[in-house]
Amino acid sequence: MSDGTNASPDLLEKLNAALAWEMRATVLYEHYAAYVKGIHRLHLKPFFETEAAESTTHGRTVREQIVKLGGVATKKRDATEIVHTTDYKVMLQEAFKTEQKAAEGYEQILAISGEDSELFDTMQQISFQEQRSIEELTQLLD
Ligand SMILES: [Fe+2]
């Protein structure tokens, strides 16, 4: 390709969307870890901090794949509003929506990364982790 990349624009666009979403997720979880109140803070602060760290790691992994493909990684988080609240149930609902959208994004990437087995395996590992987060949040919201 003329711009020196060896990946399709569609793949790079979807990887950048996933990266932007992970950066948003990191901020969302750090924000909720800071604001969660009451007795639930005991469990949910460390839970949100762990999820923030996982989102940062996912973002790092996606960024590295974009670099490997010769693309330019976005530096902007997704602009979707992070709802400010001190209500832990709202926090968990917003986290659930965030993980669901992340999982959808990785499904789209997996659908078009079949020929690149390293990319596919890496994205599949993240996708499994997103699925586990969704299951965990489903239990927490029950
Ligand atoms: Fe993630």
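In which helix is Ala-18 found? In this predicted model, Ala-18 belongs to helix H1, and this residue makes a convenient starting point for a tour of the chain. Ala-18 has 28 C-beta neighbours inside 10 Å and therefore counts as buried, the cut-off for that class being 20 or more. Once its neighbours within four places in sequence are left aside, Ala-18 is in contact with Val-62, Gly-105, Tyr-106 and Ile-109. Val-62 is one of the buried residues of H2, while Gly-105, Tyr-106 and Ile-109 are among the buried residues of H3. Ala-18 also illustrates how distant parts of the sequence come together: Glu-104 lies 86 residues away along the chain, yet the two C-alpha atoms are 9.5 Å apart in space.

The overall fold can be described briefly. The chain contains 4 helices and 0 strands, and reading along the sequence gives the pattern α-α-α-α. The radius of gyration is 16 Å, close to the 14 Å that the globule rule gives for 142 residues, so the chain is as compact as a globular protein of that length. Along the principal axes, the C-alpha trace spans about 55 × 25 × 20 Å. Buried residues make up 34% of the 142 residues. Among contacts with a separation of 6 or more, 76% join residues that are 24 or more positions apart.

Attention turns next to the interior. In soluble globular proteins, nonpolar side chains tend to be buried together. Here the largest nonpolar core has 30 residues, and those with the most contacts inside it are Leu-15, Ala-18 and Leu-19. Helix H1 (9-35), H2, H3 and helix H4 (117-141) each supply at least two residues of this core. The biggest share comes from H1, which gives 12 residues.

Helix H2 (41-68) can be checked against simple helix geometry. At 1.5 Å a residue, its 28 residues should span 40 Å, and the end C-alpha atoms are indeed 40 Å apart, which agrees. The buried residues of H2 include Leu-44, Phe-47, Phe-48 and Glu-51 towards lower numbers, then Ser-55, His-58, Gly-59 and Val-62, and finally Arg-63, Gln-65 and Ile-66. An α-helix has 3.6 residues a turn, so residues three or four places apart point the same way. The buried residues of H2 pack against H1, H3 and H4. Thr-56, also found in H2, offers a contrast: it has 16 C-beta neighbours inside 10 Å and so counts as partly exposed. The C-alpha atoms of Thr-56 and Glu-30 are separated by 11 Å, with their positions 26 residues apart along the chain. H2 is followed by Gly-70, which has a positive phi, near 85 degrees.

The loop between H2 and helix H3 (88-112) holds Lys-76. With 10 other C-beta atoms within 10 Å, Lys-76 is exposed, since 12 or fewer places a residue in that class. Lys-76 and Met-23 are 53 residues apart along the chain, and their C-alpha atoms are separated by 7.7 Å. Thr-85 is found in the loop between H2 and H3 as well, but this residue is partly exposed, with 16 other C-beta atoms within 10 Å. Beyond its neighbours within four places in sequence, Thr-85 is in contact with Val-90 and Met-91. By comparison, Gln-108 is 23 residues from Thr-85 along the chain, and 31 Å separates the two C-alpha atoms.

Helix H3 has 25 residues and reaches 37 Å from its first C-alpha to its last, close to the 36 Å expected at 1.5 Å a residue. Its buried residues are Tyr-88, Met-91, Leu-92, Ala-95, Thr-98, Glu-99, Ala-102, Gly-105, Tyr-106 and Ile-109. What covers them includes H1, H2 and H4. Met-91, one of these buried residues, is also one of the contacts of Thr-85 in the preceding loop.

Helix H4 likewise has 25 residues and reaches 36 Å between its first and last C-alpha atoms, close to the 36 Å expected. In H4, the buried positions are Leu-119, Met-123, Ile-126, Glu-130, Ser-133 and Leu-137. These buried residues pack against H2 and H3.

How values were computed:
Residues numbered from 1 in each chain as written. Predicted model: local features only at pLDDT ≥ 70, side-chain atom pairs only at ≥ 80, totals over all residues. Rg over C-alpha atoms; globule rule 2.2 N^0.38 Å. Contact = placed C-beta atoms within 7 Å. Core = buried A, V, L, I, M, F, W, Y, C linked by C-beta atoms within 7 Å. Expected span 1.5 Å × (residues − 1).
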